[in-house]
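Me: I've got a chain here and I'd like to talk through how it is put together. Could you take my questions one at a time?

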Amino acid sequence: MSPEGGMSPGGYGRNGRSGHSGHSGRGRRGGRGTVAAAAMAAGAALHFLPGAVAWRKARCRLLPGLSGVGRPGHVALTFDDGPDPVSTPLVLDTLDRLGWRATFFCLGDQAERSPEMVRELVGRGHEVGVHGWLHRSHLRHAAPPVVRDVERARQLLADLTGTAPRWFRPPYGGVSLSSLIAARRTGLELVLWTTWGMDWEPNATGASVAARVADTWWPGGTVLLHDSDLTSSPGSWKATLEALPLLAERWALDGLTVGPLGDHFDDRRDQAGSG
Ligand SMILES: [Zn+2]
């Protein structure tokens, strides 16, 4: 099922996915209360829409900052659920060949098992975001345990990289009041995505992932992929790897540049508000 299965509250299992919900206030911190309140209200309402597609499109329009809508002509490339000692290095090698940098939303639990991979992500020019400690939906959990989970991951990633993470994408893309409180307490910015490749599906191929990205394209989009099959079909990252060169061809034709979330927004994102 889709990450955004925000429609499936709770849940610790596989499948489902992560999403990020980002927002920015004025600058990184100002206006956060207003932004968070808007996101909370809209997010709560939108999570009950009948389908993930409708929800995604609505949130891209209504909450562009949260959805990762950035500079036109730029693609923010993001990978969730790692690091993984087997698949993440292969993703990194492919990104090197393409000359791309990306944002990796890491799980604390995964990072603790492979701390060297987190350091390598940063060493090779990529950005590290927080996906939580466990891949556990926030939708049915009170704020205190969610805050502890997110802060534990944030602290480990900060220690490993020597840099304070900026971005936070809750597991499964499920934004709850607890998620918003956690973001505020940890000083992280929520960011989901505009576009996905559905690379978690059992029958995903490079071509299918590239086609999904094209089908769900959004100008100034943030693309959700996975460098780990932790919550995806086993070996799904192979389809992700195969999709990257196909995406490169397409985006080159469209004149798009590719980079991490840190390069994706200009001042207009802040003004757009969208928690
Ligand atoms: Zn995830």
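**Walking through the chain**

Me: What share of the 275 residues in the chain is buried?
Reply: Bear in mind that this is a predicted model: local features need pLDDT of at least 70 and side-chain atom pairs count only at pLDDT 80 or more, while totals for chains, interfaces and linings use all residues. Residues are numbered from 1 along each chain as its sequence is written. A residue is called buried if 20 or more other C-beta atoms, placed from the backbone, lie within 10 Å of its own (12 or fewer is exposed, and in between is partly exposed). For the 275 residues here, the buried share is 53%.

Me: How many helices and strands does the chain have?
Reply: Both are DSSP runs numbered from the N terminus: helices are H or I and at least four residues, strands are E and at least two. By that reading, the chain comes to 11 helices and 8 strands.

Me: Among contacts between residues at least 6 apart in sequence, what percentage joins residues at least 24 apart?
Reply: A contact here means two C-beta atoms, placed from the backbone, within 7 Å. Starting from pairs at least 6 apart in sequence, the portion joining residues at least 24 apart is 79%.

Me: What distance between end C-alpha atoms does α10 have, set against what its length should give?
Reply: Helix α10 runs over residues 237–253, which is 17 residues. The expected span is 1.5 Å times one less than the number of residues, so α10 should cover 24 Å. That agrees with the distance between its end C-alpha atoms, 25 Å.

Me: Where does α10 bend, and which proline follows?
Reply: The bend is the angle between axes fitted to the seven residues ending at a position and the seven starting there. In α10 that angle is about 30° at Ala-243, and within four residues comes a proline, Pro-245.

Me: Which elements are among those covering the buried residues of α10?
Reply: The buried residues of this helix are Trp-237, Ala-239, Thr-240, Ala-243, Leu-244 and Leu-247. Their cover includes α4 (87–98), α9 (206–215) and β7 (222–226).

Me: Is α4 roughly parallel or roughly antiparallel to α10?
Reply: Axes are lines fitted to C-alpha atoms, for helices over the stretch in contact, and angles run from 0 to 180 degrees between N-to-C directions. Under 35 degrees counts as roughly parallel, over 145 as roughly antiparallel, 65 to 115 as roughly perpendicular and the rest as oblique. α4 and α10 have axes 10 Å apart and pack at about 5°. That angle makes α4, relative to α10, roughly parallel.

Me: Which residues of α10 meet α4?
Reply: On the α4 side the residues are Ser-87, Leu-90, Val-91, Thr-94 and Leu-98. Their partners in α10 are Trp-237, Thr-240, Leu-241, Leu-244 and Ala-248.

Me: Is the crossing of α9 and α10 right-handed or left-handed?
Reply: The axes of α9 and α10 come within 7 Å and cross at roughly 50°, so α9 is oblique to α10. A crossing is left-handed if the near helix is turned anticlockwise from the far one by less than a right angle, and right-handed if clockwise. For α9 passing α10, the crossing is right-handed.

Me: At what angle do α7 and α8 cross?
Reply: Residues of α7 in the contact include Val-146, Val-150 and Arg-154, and those of α8 include Ile-181 and Arg-185. The axes of α7 and α8 (residues 177–186) come within 8 Å, and their crossing angle is roughly 45°.

Me: Why does Asp-81 count as buried?
Reply: Asp-81 sits in strand β1 and has a positive phi of about 80° although it is not a glycine. The residue counts as buried because its C-beta neighbours inside 10 Å number 28.

Me: Which residues are joined by a cis peptide bond?
Reply: One partner, Pro-83, lies in the loop between β1 (74–82) and α4. Omega is about 0° for the cis bond, which joins Gly-82 and Pro-83.

Me: How far apart in space are His-131 and Trp-167?
Reply: His-131 is in the loop between β3 (127–130) and α7 (143–161), and is buried because 31 other C-beta atoms lie within 10 Å. Along the sequence, His-131 and Trp-167 are 36 residues apart. From C-alpha to C-alpha, their separation is 8.7 Å.
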